[in-house]
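Work through these exercises with the structure open beside you. Try each task before reading its solution.

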Amino acid sequence: MVVPAATMPAGPTAIPAVPAVVAAPQSAVAGRLTADRISKVVRGKQTILRTMSLVVEPGQLVAIIGPSGAGKTTLLETLAGLRPASTGVVRRAGSGALGFVPQEDIIHRDLPLGRVLRYAARLRLPAGVGNAEIEEAVDSALTVLRLKDREKVRVGRLSGGERKRASIAVELLARPRFFFLDEPTSGLDPATAAELMRALRRIADSGCTVIMTSHNPPDVDLCDEVLVIAAGGGLAFGGTPAKAREFFDVPAITGIYTRLVEHNRDYWLRRFADDRAGRTDLFAIPTATSVSEPFNEILEPQLVQERRVGPFRQWFLLTVRALDILVHNRLTLLIVLGSPVAILLMFLMLFKPGAFDPVHPIPNTSAMILFWIAFGGFFFGLTYGLLQICTEFPIFFRERFAGVRIWPYVLSKLAALLPLLILVDALLLAVLRWTDRLPKGDFGQLAELFGTLLLASVCAMALGLLASAAVSEPGQATLMLPMLCFPQVLFVGAFLPVPVMALVGRWMSYVMSNRWAFEALGHTAGVEKLWSSGASPLGAPLLASYEDTFSRPAWVDWLIIGGMAVVFLVSCWLILTLKAARRGGRPVR
């Protein structure tokens, strides 16, 4: 039931400037949602939601409708707690999980549906929940959404309606008391949309409070209440679908959209306030909802700490899931493993053996081999990390709101791809050594070369994760690939030694991780001794142009590369933290 702002009981103090989402007193009915004079203003001037108040009773299915841009999604996210209101307070009676399904899919498409739900259950359900409880939660969600026969089907092969129901199933795992959905029937055919609405009806009938936005008028007829938002964010009507048709004097819900444009926002707001003021069948908001009275948090802080899955457990589950996704996406796995092989074959075709022969070395070729080894490691790491985050932003934001921490998420991406980096870097060095394109040193020298290459790859992957977090969509990440690669070629010091670069170029070289990998490889390969003592007339002049480039111990370069990797990972964490804050505030369990 909706109550106009004018009829709300005035508290003895003003509405606080910084609102909160709080739980109603224990005496209140669990599952009731109350919005007390909420509004939303962005950037200090643009009003998205105008002051409105409403009450949604437990077990109700409520639709929010209105023209595009009216503020439906903003209202939904404000009621859910993803976005704080500028003024006013949202109260939800009773503790428990919240379910929120955005318009985008919040599930990975490469895994079977049952496996997706099991990973989600292990991440979202309280710590200590056993396998039996997890299986029960998964089975219950599949049964309610009528997806039991699709449990072993890869999500990418599900229909659009089935994928939407699968996203809802993920949210049902924690048995939420409140469920929020943003246009769940968008893009679905009428029959599929009707089936989805029947599923939401069953969820509401089970006692869950369900609130959704919709652009599909037939959805409204299955709802208990409808909120009509006028252009500009005002509440033009709240009540049953039948009363909505009566209020707007239309035979069907579709006609409401036409009626809204016949008069301006203020007309409908005044008319709705007058209409409700004259009625006696309004739900009376108890005095305890006054803004000035104290309320408890949804969960006590110590209870949250006891229930939440720990960061190490989150990291482990996210890492295993990332590996599982990679294994199931065979095309991606083939590309990930095949690209290093293709690059290695080009190495063999480009460079002749014997460049590091201590009697007859080929200085310029050996320099190029070392550079392209360093760049190969950089390229592997960068490309592996570049699409890891931006392709799953909707999943990340929803899981963040559900309690997944950002550090375990970022480090899981690193851990999942590290075995691949170890494999391809080891393969590259082993084949080059076997085909006489590396120095014939002892095992310690080869291990040091491998350490440099692997660290360079990890640093590049951290840069790729940073770029992936910074962009808005995968297409932008793809465009960043050449922008990140070209400087690592030009300012490394292989084609033009750092000492002979212009001043700006020398300063640029300091922030190129590939420079330090190239110099560490050169030190380990002993190029100073090789070029100065060899028979090639190019050795001495080439070494003179590099000056003391290769004189530092490899561990010094390792410290620099490792420091860069840490900076990239911390920056990635900061960006994701800021984006998560903009998208939905603090996580709620």
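**Exercise 1. Find the salt-bridge partner of E262 and place the pair in the fold.**

Solution. This is a predicted model.
- Step 1: E262 forms a salt bridge with R259. The closest N and O atoms are 2.7 Å apart.
- Step 2: Both residues lie in helix α8, which covers residues 254–262. E262 and R259 are three residues apart, about one turn of the helix.
- Step 3: E262 has 44% relative accessibility, so it counts as partly exposed.
- Step 4: R259 has a relative accessible area of 19%. Buried means under 20%, so R259 is buried.

**Exercise 2. Work out which parts of the chain the salt bridge between R163 and D105 ties together.**

Solution.
- Step 1: The side chains of R163 and D105 meet at 3.1 Å, N to O.
- Step 2: R163 lies in helix α4 (residues 160–172), while D105 lies in the loop between β7 (98–101) and α2 (113–124), so the pair ties together parts that are 58 residues apart in sequence.
- Step 3: R163 is buried, and D105 is buried too.

**Exercise 3. Do the same for D221 and R245, then decide whether each is buried, partly exposed or exposed.**

Solution.
- Step 1: A salt bridge joins the side chains of D221 and R245, at 3.1 Å from N to O.
- Step 2: This pair links distant parts of the chain, 24 residues apart. D221 is in the loop between α6 (217–220) and β10 (225–230). R245 is in helix α7 (residues 241–248).
- Step 3: D221 has 48% relative accessibility. Exposed means over 50%, so D221 counts as partly exposed.
- Step 4: R245 has a relative accessible area of 23%, so R245 is partly exposed as well.

**Exercise 4. State how many salt bridges there are, and name the members of a network.**

Solution.
- Step 1: The count comes to 28 salt bridges.
- Step 2: A network of salt bridges links R118, E135, D139, K148 and E151.

**Exercise 5. Check the spans of helices α13 and α16 against 1.5 Å a residue.**

Solution.
- Step 1: Helix α13 (residues 363–386) has 24 residues and should span 34 Å. Its end C-alpha atoms are 34 Å apart, which agrees.
- Step 2: Now look at its cover. Of the 24 residues in α13, 20 are buried, so the helix is mostly covered.
- Step 3: Helix α16 (residues 443–470) has 28 residues. From its first C-alpha to its last, α16 reaches 40 Å, close to the 40 Å expected.
- Step 4: Look at the N-terminal end of α16, which D442 caps. A side-chain oxygen of D442 lies 3.3 Å from the backbone nitrogen of G444.

**Exercise 6. Locate the nonpolar surface patch and the helix that gives the most to it.**

Solution.
- Step 1: The patch is made by V341, L345, M346, M349 and L427. Its area is about 500 Å².
- Step 2: Helix α12 (residues 330–350) gives the most, with four residues.
- Step 3: V341 lies in α12. At 38% relative accessibility, V341 counts as partly exposed.

**Exercise 7. Count the disulfides, then classify C208 and C390 as buried or exposed.**

Solution.
- Step 1: A disulfide is a covalent bond between the sulfur atoms of two cysteines.
- Step 2: Searching the whole structure gives zero disulfides.
- Step 3: C208 has a relative accessible area of 6%, so C208 is buried.
- Step 4: C390 is at 5% relative accessibility and therefore counts as buried.

Definitions and conventions: Residues are numbered from 1 along each chain as its sequence is written. This is a predicted model: local features need pLDDT of at least 70, side-chain atom pairs count only at pLDDT 80 or more; totals for chains, interfaces and linings use all residues. Side-chain values use heavy atoms; hydrogens and water are left out. Patches are made of residues with over 30% relative accessible area and no salt bridge: like charges are joined within 9 Å, nonpolar side chains (Val, Leu, Ile, Met, Phe, Trp, Tyr) within 5 Å. Accessible areas come from the Shrake-Rupley method with a 1.4 Å probe; for residues, only the protein chains shown count as cover. A salt bridge is a side-chain nitrogen of Lys or Arg within 4 Å of a carboxyl oxygen of Asp or Glu. Helices (H or I, at least four residues) and strands (E, at least two) are DSSP runs, numbered from the N terminus. Buried means under 20% relative accessible area, exposed over 50%, partly exposed in between (1.4 Å probe, protein chains only). A disulfide is a pair of cysteine sulfur atoms within 2.5 Å. The expected span of a helix is 1.5 Å times one less than its number of residues. A polar contact is a pair of N or O atoms within 3.5 Å; within protein, one must be able to donate a hydrogen and the other to accept it, and residues adjacent in sequence count only if both atoms are side-chain atoms.
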